[in-house]
Amino acid sequence: MITSVLPTYNRAPLTFVKGEGAWLIEADGRRFLDLGAGIAVNALGHAHPALTQALTDQAGALWHTSNLYHIPQQQALADKLVDATFADTVFFTNSGTEACELAVKMARKYWYDKGRPDKVDIITFSGSFHGRSSAGIAAAGSEKMTKGFGPLLPGFTHLAFGDHDAIAPAITDQTAAILIEPVQGEGGIIPVPDQCLKGLRDLCDEKGILLILDEVQCGVGRTGKLFAHEWAGIEPDIMMVAKGIGGGFPLGAVLATEDAASGMTAGTHGSTYGGNPLGCAVGCAVLDIVSDAAFLAEVNRKAGRLRQKLEGLIAAHPDVFEKVRGAGLMLGIKCKATCGDVVSAGYAHNVITVPAADNTVRLLPPLNITDEEIGEAITRLDAAAQAVAA
Ligand SMILES: *Cc1c(COP(=O)(O)O)cnc(C)c1O
């Protein structure tokens, strides 16, 4: 008999009832160190006082009005994002995949309004993940996500990740944009090197097409810059954001330049919930903390510390682990043992990690994890690795 919750997830045998900072707590009081942060969502850990305050204050004032009216919290968050980034304008969604939908629509409408309705094609890369909507699965194109779901949204060209020479020849008269994650998340924490992102930007400029970055997982301070592309010194035309921006409240966004957004006039797009007062009040509180230079400096310092300790951990368990890769506090340990076994052994030793593709264990701790907790993380991962090796 089917379960009352649609059984699309293989869930771990864990049930959390409370969160405190970097800790998740089960009903019996068992405490887990959370190095997954709800897949890079709880950017400031659990029950951060500033976020709880922002949410409860807003909950007592006004939950929802719809986008038929002005929403001051949405305006405030859009202003903050425009101030802090390349973007001139922002549309708010409730998730990453909704941001993907709009990014695709925006790129196509851009060319349509320029008298080029034939320019609809978007180039994407193997191993990418852009969400589970029809545009998202068509963009990523993996058999796992698309099989059985009927005709896919057309207009995506899939290239092998890392095959530089394939990109320029794949750009045709019909190409509207290139879409890429600066650091692949689900694909196994695989960063695009800075010079490759620069090369992509140059190529898009040369061919006159748009560059869309999916920073749903790698954005919002995760790599030690507010957005990951800043490391490469480039700017996209359109960027998808979600996960960390809401700190645990469902919130996403599409950021764009004025030019890239020029097709999106009144009536061309909408969302009932997108940009609602609750989500945007929390988003403002998250961004105020994460966009602070001193906060980001701490993310970088802690990232260096964690990475150094992970190198030691890997050296101590050469049969279990192969190498660490990633950027900032978005780290992946490529395993020699089965990554699912490492994650399960972590559960037994009260530490939460997240599996990814390419046999990789993801570490996406809250950005405000403490030095002491980093030490604790290594102790627990060491115990997990010993259990896997035994
Ligand atoms: C999680 C993710 C998405 C999809 O976000 P949802 O909120 O699950 O729809 C899209 N792109 C990337 C890079 C992601 O990590």
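**Figure 1. Two residues from a UniProt "binding site" annotation, Arg132 and Ser271.** The annotation comes from an unreviewed UniProt entry and covers Arg132 and Ser271. Of these residues, Ser271 belongs to the lining of the second largest pocket. Please keep in mind while looking around that this is a predicted model. Arg132 is found in the loop that runs between β5 (121-125) and α5 (134-140). With a relative accessibility of 54%, Arg132 counts as exposed.

**Figure 2. A further set of residues that the unreviewed UniProt entry annotates as "binding site".** Here the record lists Gly96, Thr97, Phe129, Asp214, Glu215, Val216, Gln217 and Thr272. These residues span 177 residues of sequence, and in space they are spread as well, with up to 25.1 Å between C-alpha atoms. Take Val216 as one of them: its place is the loop between β10 (210-214) and β11. At 9% relative accessibility, Val216 counts as buried.

**Figure 3. The second largest pocket and its lining.** How much space lies in this pocket? The second largest pocket holds about 660 Å³. A total of 28 residues line the second largest pocket, and those closest to its centre are Gln74, Thr89, Val90, Phe91 and Phe92. Four elements, α3 (72-84), β4 (89-93), α4 (96-113) and β12 (252-256), each contribute at least two residues to the lining. Which of the elements gives the largest share of the lining? That is α3, with five residues. Sorted by class, the lining has 16 nonpolar and twelve polar residues, and no charged ones. Ser271, one of the annotated residues from the first view, is part of this lining too.

**Figure 4. The aromatic pair of Phe16 and Phe32.** A pair of aromatic rings is described by the distance of the centres and the angle of the planes. The count for this model comes to two aromatic pairs. In the pair shown here, the ring centres of Phe16 and Phe32 are 5.3 Å apart and the planes stand at 75°, so the arrangement is edge-to-face. Phe16 lies in strand β1 (residues 16-20) and Phe32 in strand β3 (residues 31-34), so this pair ties together parts that are 16 residues apart in sequence. Are the two residues buried or exposed, or partly exposed? Phe16, at 31% relative accessibility, counts as partly exposed, whereas Phe32, at 0%, counts as buried.

**Figure 5. Tyr110, Trp111 and the charged end of Lys119.** The rings of Tyr110 and Trp111 have centres 5.0 Å apart and planes at 85°, so this pair is edge-to-face. Both Tyr110 and Trp111 are buried. Trp111 is a residue of helix α4, and its relative accessibility is 9%. What sits over the ring of Trp111? The charged end of Lys119 does, 4.8 Å from the ring centre. For a sense of scale, Trp111 and Leu255 are 144 residues apart in sequence, with their C-alpha atoms 18 Å apart in space.

**Figure 6. The charged end of Lys225 over the ring of Trp231.** In this view, the charged end of Lys225 sits 4.8 Å from the centre of the Trp231 ring.

**Figure 7. Arg108 in helix α4 and Lys80 in helix α3.** Arg108 has its place in helix α4. With a relative accessible area of 18%, Arg108 is buried, because buried means under 20%. From Arg108 to Ile137 the C-alpha distance is 17 Å, and the two are 29 residues apart in sequence. Lys80, in helix α3, counts as partly exposed at 27% relative accessibility. How far apart are the C-alpha atoms of Lys80 and Cys284, and what is it along the chain? These C-alpha atoms are separated by 7.7 Å, and the residues are 204 residues apart along the chain.

**Figure 8. Positive phi values at Lys243 and Asn350.** Lys243, a residue other than glycine, has a positive phi near 35°. Look for Lys243 in the loop between β11 (238-241) and β12. Asn350 is not a glycine either, yet its phi is positive, at about 60°. Asn350 has its place in the loop between α11 (339-348) and β15 (351-352).

Note on methods:
Residues are numbered from 1 along each chain as its sequence is written. This is a predicted model: local features need pLDDT of at least 70, side-chain atom pairs count only at pLDDT 80 or more; totals for chains, interfaces and linings use all residues. Side-chain values use heavy atoms; hydrogens and water are left out. Rings of Phe, Tyr and Trp (its six-membered ring) pair if their centres lie within 6.5 Å; planes under 30 degrees apart count as stacked, over 60 as edge-to-face and the rest as tilted. Buried means under 20% relative accessible area, exposed over 50%, partly exposed in between (1.4 Å probe, protein chains only). A charge sits over a ring if NZ of Lys or CZ of Arg is within 6 Å of the ring centre and within 35 degrees of the ring normal. On a 1 Å grid over the protein atoms alone, a cavity is a set of points where a 1.4 Å probe fits but cannot get out, and a pocket is an open set with protein on both sides within 12 Å along at least five of seven lines; lining residues have an atom within 4 Å of a point. Grid points are joined across faces, edges and corners, and a volume is the space filled by probe spheres set on the points. Ala, Val, Leu, Ile, Met, Phe, Trp, Tyr, Cys and Pro count as nonpolar, Asp, Glu, Lys and Arg as charged, and the others, Gly among them, as polar. UniProt positions are given in the numbering used here, feature names are shortened, and annotations may be inferred rather than shown by experiment.
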